[in-house]
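Work through the exercises below with the sequence and the coordinates open. Try each task before reading its solution.

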Amino acid sequence: MANTPRYAIYYAPTPDSVLHRFGSALLGYDAASSDDLPFPDGVAPDWRELTQDPRKYGFHATLKAPISLADGRSEADLVEACGVFAGRARRIPVIEPVVDAISGFIAVIPGKRSDELQQLAADCVTEFDAFRAQLSPEDRARRKPERLTERQREYLDRWGYPYVMEEFRFHMTLTGRLNDARRGPIVAQLRERFAATGLATLAIDRIALFKQADATSRFRIIGGWPLRS
């Protein structure tokens with residue numbers, strides 16, 4: 001991975017929201033303030049290790065996966081484009097969030113499919129793609145294309161990320177991958193904690209621009225925009 005900044009378009013709840021506090025506390029990192037946070041009481045003794053991977057990215061759901069900027073594109077250009085995108089009228093997706101396992105890790109996910117959410121993600125993939133530098137052979141290899149389906153490889157080569165369009169699954173990651181024995185008890189624990197937030201519905205009503213300064217840095221929020229309905 002080149003030691004240059006990367007940017008991503010994510011859904012992230014507002015920093016003063018109960019969902020932001022819930023996810024950031026579990027990850028031990030607040031991407032809005034760039035602060036380390038103490039983990040909540042009662043989580044697993046090795047919780048720091050279990051959350052090491054998602055901590056790097058901050059609490060979020062991917063809409064446009066991390067990119068390096070294409071030649072001739074600047075951070076200021078991308079910030080301006082985020083504002084234009086958010087200002088375009090659209091149907092705001094509303095989901096019923098639940099905690100569950102997805103592909104071996106645990107995340108906040110929709111209880112059922114939302115066509116509006118799928119469309120929002122697809123729009124982000126296509127409309128911000130002009131800012132994306134092409135994948136280097138090393139970065140493509142890092143995605144392990146031999147493990148992907150044919151369609152996912154096509155998306156990797158076209159959009160720089162395999163899990164887009166119908167392959168997209170909204171998720172706000174809370175742990176790294178867990179083996180079967182550990183996954184069940186931790187899902188149950190995190191469901192109980194999530195229930196205490198009282199969050200029955202969630203409007204996906206904003207986008208956030210995250211930046212990673214270099215390959216060793218964590219992502220942090222550098223801008224946020226409410227979506228226009």
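**Exercise 1: the largest pocket**

Strand β4 gives six residues to the lining of the largest pocket, the largest share. This is a predicted model, in which local features need pLDDT of at least 70 and side-chain atom pairs count only at pLDDT 80 or more, while totals for chains, interfaces and linings use all residues. Residues are numbered from 1 along each chain as its sequence is written, and side-chain values use heavy atoms, with hydrogens and water left out.

Task: describe the volume, centre and lining of the largest pocket.

Solution.
- Step 1. Fix the terms. On a 1 Å grid over the protein atoms alone, a pocket is an open set of points with protein on both sides within 12 Å along at least five of seven lines; a cavity is a set where a 1.4 Å probe fits but cannot get out; lining residues have an atom within 4 Å of a point. Points are joined across faces, edges and corners, and a volume is the space filled by probe spheres set on them.
- Step 2. Take the volume. The largest pocket holds about 1600 Å³.
- Step 3. Find the centre. The lining has 45 residues, and Tyr57, Arg143, Tyr161, Tyr163 and Arg177 are the closest to the centre.
- Step 4. Assign elements. β1, α3 (52-57), β4, α5 (115-127) and α6 (137-142) each supply at least two lining residues. Helices (H or I, at least four residues) and strands (E, at least two) are DSSP runs, numbered from the N terminus.
- Step 5. Sort by class. The lining divides into 22 nonpolar, twelve polar and eleven charged residues. Here Ala, Val, Leu, Ile, Met, Phe, Trp, Tyr, Cys and Pro count as nonpolar, Asp, Glu, Lys and Arg as charged, and the others, Gly among them, as polar.

**Exercise 2: the second largest pocket and the cavity**

Task: list what lines the second largest pocket, then do so for the largest cavity.

Solution.
- Step 1. The second largest pocket has a volume of about 180 Å³.
- Step 2. Its lining is Ile102, Ile109, Pro110, Lys112, Arg113, Ser114, Leu117, Gln118, Glu166, Phe168, Arg169 and Phe170. β7 and α5 are the elements that give two or more of these residues.
- Step 3. By class, that lining has six nonpolar, two polar and four charged residues.
- Step 4. Turn to enclosed space. There is one cavity of 30 Å³ or more. The largest cavity holds about 30 Å³.
- Step 5. Tyr7, Ala8, Ile9, Lys64, Ala65, Ile67 and Leu78 line the largest cavity. β1 (6-11) and β4 (61-67) are the elements that give two or more of them.
- Step 6. The class count for the cavity lining is six nonpolar, no polar and one charged.

**Exercise 3: the core and two cysteines**

Task: which residues touch the most other members of the largest nonpolar core?

Solution.
- Step 1. A nonpolar core is a set of buried Ala, Val, Leu, Ile, Met, Phe, Trp, Tyr and Cys residues joined through side-chain atoms within 4.5 Å. Buried means under 20% relative accessible area, exposed over 50%, partly exposed in between (1.4 Å probe, protein chains only).
- Step 2. Of the 46 residues in the largest core, Tyr11, Phe128, Phe170 and Ile207 touch the most other members. Helix α4 (residues 75-86) gives the most, with five residues.
- Step 3. Beyond four places in sequence, the contacts (heavy atoms within 4.5 Å) of isoleucine 207 include Ile9, Leu63, Cys82, Phe128 and Trp225.

Task: why is cysteine 82 not bonded to cysteine 124?

Solution.
- Step 1. A disulfide is a pair of cysteine sulfur atoms within 2.5 Å.
- Step 2. The closest cysteine sulfur to that of cysteine 82 is in cysteine 124, at 8.3 Å, too far for a bond. The structure holds zero disulfides.
- Step 3. Cysteine 82 is buried at 0% relative accessible area, and cysteine 124 is buried at 0%.

**Exercise 4: three loop residues**

Task: are serine 34, serine 103 and valine 164 buried, partly exposed or exposed?

Solution.
- Step 1. Serine 34 is in the loop between β2 (29-30) and β3 (35-36). Its phi is positive, about 65 degrees, although it is not a glycine. At 38% relative accessibility, serine 34 is partly exposed.
- Step 2. Serine 103 is in the loop between β6 (97-102) and β7 (105-110). Its phi is also positive, near 55 degrees. Serine 103 is partly exposed, at 44%.
- Step 3. Valine 164 lies in the loop between α7 (150-159) and β8 (172-173). Valine 164 is buried, at 4%. Leaving out residues up to four places away in sequence, valine 164 touches Val125, Tyr155 and Trp159.
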